[in-house]
Amino acid sequence: MESTAQKTLGDDSHLRVVPPTVEELDTVTVRFCGDSGDGMQLTGTEFTKSTAILGNDLATFPDYPAEIRAPAGTLPGVSGFQIQFSSHDIYTPGDAPDVLVAMNPAALKTNLPDLLPGGILVVNTGAFNETNLQKAGYAKNPIDDEQLQAKYRLFKVDITKLTELSLEGSGLGSKEIARSKNMFALGMMCWMYGRPMDNIIDGLRQKFTKKPEIAEANVQVLKAGFNYGETTEAFSHKYEVKPARLAPGKYRNVTGNQAAALGFVTAAARSGVRLFLGSYPITPASDILHELSSYKNYGVMTFQAEDEIAGIASAIGASFGGSLALTTSSGPGVALKTEAMGLALMLELPLVICNVQRGGPSTGLPTKTEQADLLQAVYGRNGESPIPVLASSTPGDCFEAAYEAFRIAVKYMTPVLYLTDGYLANGSEPWLIPDPAKLPPITVKYRTDPEGFHAYQRDPKTLARPWVIPGTPGMEHRVGGLEKDSLTGNVSYDPQNHEKMIRTRAEKVARVADEIPPTQIFGEPSGDVLVLGWGGTYGALHQAVESLQKRGKKVSQVHLRWLNPLPKDLGEVIRRFQTVLVPELNLGQLSKILRSTYLVDCVTLNKIQGKPFKVAEIVAKVNELLERPRA
Amino acid sequence: MSADLIPVSQKQALTKKDFQSDQDVRWCPGCGDYAILAQVQKLMPELGIPRHDIVFISGIGCSSRFPYYMNTYGMHSIHGRAPAFATGLKASRPELSVWVVTGDGDGLSIGGNHMIHTLRRNVDLKILLFNNRIYGLTKGQYSPTSELGKKTKSTPYGSVDAPFSPAQLALGAGSTFVARSVDVEPPHLLSTLRAAATHKGSAFVEIYQNCNVFNDGAYSYMTEKAVKADAQLVLEPGKPLVFGKAKDKAIRMNAKLQPEVFTLGKDGDLSQAIVHDPTNETLAWMLAHLAPPHFPTPIGVFRSVERPAYDALMNDQEKDVLAKKGKGDLQKLLNAGETWVVK
């Protein structure tokens, strides 16, 4: 034990005489919450790294306010980070925390309702002063409440003071010292769940290379927190979660936005064509722009445009020039891009539009998740303007979906709309690092033969027109948003030609269904309830269906990758089940499409709270359906 | 990508006719756009750039039909956004000669944002803004350059909407090349276009253009034979600002640092006249503010200065990173950060 750590124990500490009981657990959900200036996101990501290295399966859910710094200590300023880790496969960051670390009264107030009865509650008593209690709207100090103490396993730790003590004489100012207290909480949790800290320490030293004194202070407080657990009898238990039996291979932790960026870069590398991103900063999509802008030596060019429209317009310009073109945004930004999307589908140039969905409408809930842009993606343009739409289902799956979006865009010479969401974008999971050589190829072939060339002459199978880029001798041609002749591409106002082109563009997108493999059903191919979803709800739906199946229920799951076109066999799959339940984080957008496409009814389960589904919500709904009397 | 595909550009003996596409030109008879198209097609063979390395990109409006009539690569895009499409193309394919054709509504109203940011970045684009002070394609509403009080279909009682000057706007946005010409002055237009074409960086050319259907005679105050010598101030680098039928009027700065017109041999002599210098920033500003009724309308190159082009900087930066870090290894990138092996 280090001398500095001894000091942190303060007056109320003494050396442990009885070793703590070690209890083995399958699955634990921990939530760190505090003021948005308290460094909860860093605490969470560091804890995640350490957990990943231990080989647990995990899923995370960062939840932070839209304001960068809401007034300190207030309810809107509370930032949280939840992680579920397990010795078996898990698919969500957990319905409700087993452990809540609350750094101030506001964090306690907003998060306590989620804590499971009997759960561990660690509070930083140092922040429970009169001002903070008042800001959080507490008339009296809640941690003195006997009911609270009876309902949860409450641990009162003066993290503020212990942090100050451990940094006494460090020469740091009070602000810097106060900022380190998240590391104390992290250290305690590392002790409680037997997480190694070496990589966290390395990470801190890397993060603060230019400020070694801050790095060392953080390390010291981290160790002090760990040692507090080790040497006081404050905690009588520590817990062990054994490594999960994941598929063999090399793993890393990845967020959805990182995975999407890697998928795009991989598309460029596999095709041998430059990736061009035209984008405008918007939450929660900006991270993709950040990631890609650092990959300049991977054949990636990024352009931060003056607005959303210039983002997509520049991408279309680059696509005309032969690049793999990408624009990234979120709902309101995608709304601004719709006219240009229509042009891209008229020009029949490859383009990927990535929408990291957030709570809408309008500015809505920028930092919260939602799935309410599906109808916008499928239908939201003027005229008959079909665009293939696909969605990713987990953070790691963003890699494959991003790659697939480009494969289809290039093969069919079409814009493709790729949907992810804030939950996937910021959430993370262990990711089995893929071998790019095993992905289906993306073959780019610019036509260079002027013999018999017509700009809108189509491939008979895919209906794709040739990609002819400026700089190619003898093939000068003009494209534009006016309706074009079905062969030459020249402007045409001919009525029959217009209808032919409308039907051809629709047929081309419909043929993307040829690329969709037979629908994978998790569970029996027929039964009582089919849980049918899309996008970021995958984890919650999967875990719910899995637990229902374990209880012998005839429940299966289908999760859609492609929303437009739909898989060819989906109608038939749906009809094999008594009931189709479509849970969505919107008012029922996929169910609208399914009803109109297949003339079947679907039961909807809708949640529009800016939060992901809980497994229990899905299970409850399915049970309700199973118990209702049959007609 | 393309650099290897494309043969080195050679001066080819092309003619004006080679740049005419097979499409019928469909502007109204008598439209000023015809004259501009003729001068652009006349200029192209001079540049020695093969047709396939030239791209015309436009937005929406009468002027924006332009690319269809050029036998080069072309894109008729969406309203106001041509500079953004062109930026993406030029940044990713810097070896191409990329031209933007726009109008006062397209480039200054719906597309004003793209215009100023493109000029600010100094993207190496040649931007031709046909200013007819009216919306022609939508059949006659006032535009951001229509004069106050103008009666149009949407302003039956006269416009109360103050116009701005495209040249002033371009200067304010930091354009490295700002010029003005007129559809009915073919030699002047040709020489102005030539100067724009050879400029490295954003070249902004405002072209006064007559819409004989919805705004006929908008520029007759300075194009009519009887008045034009007195109403036009032709800017020529290194030459004094002299104009008038008898070449007897000149412009000088007075003691209050305001420009004033004076008569040579009467109010002063040639040595007092300002000598035009397109690299003089202050002078460009002053010239852009000269307007009737107290001054003639300047035509020619207001400003021409050197500044690295955005597309070149982007590509240079890419090369620098490549030189420093080497070609990225995808496997390494995918395996970055902390990894662990599950057996």
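Analyst: Two strands pair if DSSP finds at least two bridges between them. With that in hand, we can read the sheets of this predicted model.

User: Start with chain B. In what order do the strands of its open sheet of three strands stand?

Analyst: The general idea comes first. Strands of a sheet pair through backbone hydrogen bonds, either parallel or antiparallel. In chain B, the order of the open three-stranded sheet is S8-S9-S10, and the pairing is antiparallel.

User: Which strands stand at the edges?

Analyst: The edges are taken by strand S8 (242-243) and strand S10 (259-263) of chain B. Each has a single partner strand, so one side of each lacks a neighbour in the sheet.

User: How many bridges join S9(B) to S10(B)?

Analyst: Strand S9, residues 249-253 of chain B, is joined to S10(B) by five bridges, and the two run antiparallel. As one contact to look up, Pro259(B) in S10(B) has Met253(B) opposite it.

User: Now chain A. In which sense do S10(A) and S11(A) pair?

Analyst: Strand S10 (residues 275-279) of chain A pairs with S11(A) in the parallel sense, over five bridges. Within S11(A), Val300(A) is the bridge partner of Leu275(A). Between the two strands the chain passes through helix H12 (residues 286-293) of chain A, and this β-α-β crossover from S10(A) to S11(A) is right-handed.

User: Is strand S11 of chain A mostly covered or uncovered?

Analyst: A general point on strands helps here. In a regular strand the side chains alternate between the two faces of the sheet. Strand S11 of chain A, residues 300-304, is mostly covered, with four of its five residues buried.

User: How should I read burial for a single residue in a helix, say Thr48(A)?

Analyst: Take the relative accessible area and compare it with the cut-off: buried means under 20%. Thr48(A) belongs to helix H2 (residues 40-53) of chain A. Its relative accessibility is 1%, so Thr48(A) counts as buried. The C-alpha atoms of Thr48(A) and Thr60(A) are 7.8 Å apart, with their positions 12 residues apart in sequence.

User: And why does Phe85(B) count as buried?

Analyst: Phe85(B) sits in helix H3 (residues 82-92) of chain B. Phe85(B) counts as buried because its relative accessibility is 0%. Its C-alpha is separated by 9.4 Å from that of Gly59(B), 26 residues away along the chain.

User: Next, cavities. How many of 30 Å³ or more does the structure hold?

Analyst: There are four cavities of 30 Å³ or more. The largest has a volume of about 100 Å³, and the second largest holds about 50 Å³.

User: Which residues lie nearest the centre of the largest cavity?

Analyst: Of its 16 lining residues, Ala59(A), Tyr91(A), Pro395(A), Tyr423(A) and Glu429(A) lie nearest the centre. By class, the lining has seven nonpolar, eight polar and one charged residues. Strand S3 (57-63) of chain A contributes the most, with three residues. Domain 1 (3-241) and domain 2 (252-438) of chain A each give at least three residues to this lining.

User: What lines the second largest cavity?

Analyst: Its lining includes Phe61(A), Asp63(A), Lys368(A), Tyr423(A) and Gly610(A). Four nonpolar, five polar and two charged residues make up that lining. The elements that supply two or more of its residues are S3 and H17 of chain A. Here too, domain 1 (3-241) and domain 2 (252-438) of chain A each provide at least three residues.

Key: Residues numbered from 1 in each chain as written. Chains lettered and ligands numbered in written order. Predicted model: local features only at pLDDT ≥ 70, side-chain atom pairs only at ≥ 80, totals over all residues. Heavy atoms only, no water. Buried < 20%, exposed > 50% of the residue type's maximum accessible area, 1.4 Å probe, protein only. Right-handed = clockwise from strand over helix to strand, strands pointing away. 1 Å grid on protein atoms, 1.4 Å probe; cavity = no way out; pocket = protein on both sides within 12 Å on 5 of 7 lines; lining within 4 Å. Points joined across faces, edges and corners; volume = space filled by probe spheres on them. Nonpolar A, V, L, I, M, F, W, Y, C, P; charged D, E, K, R; others polar. Domains from an automatic or database assignment.
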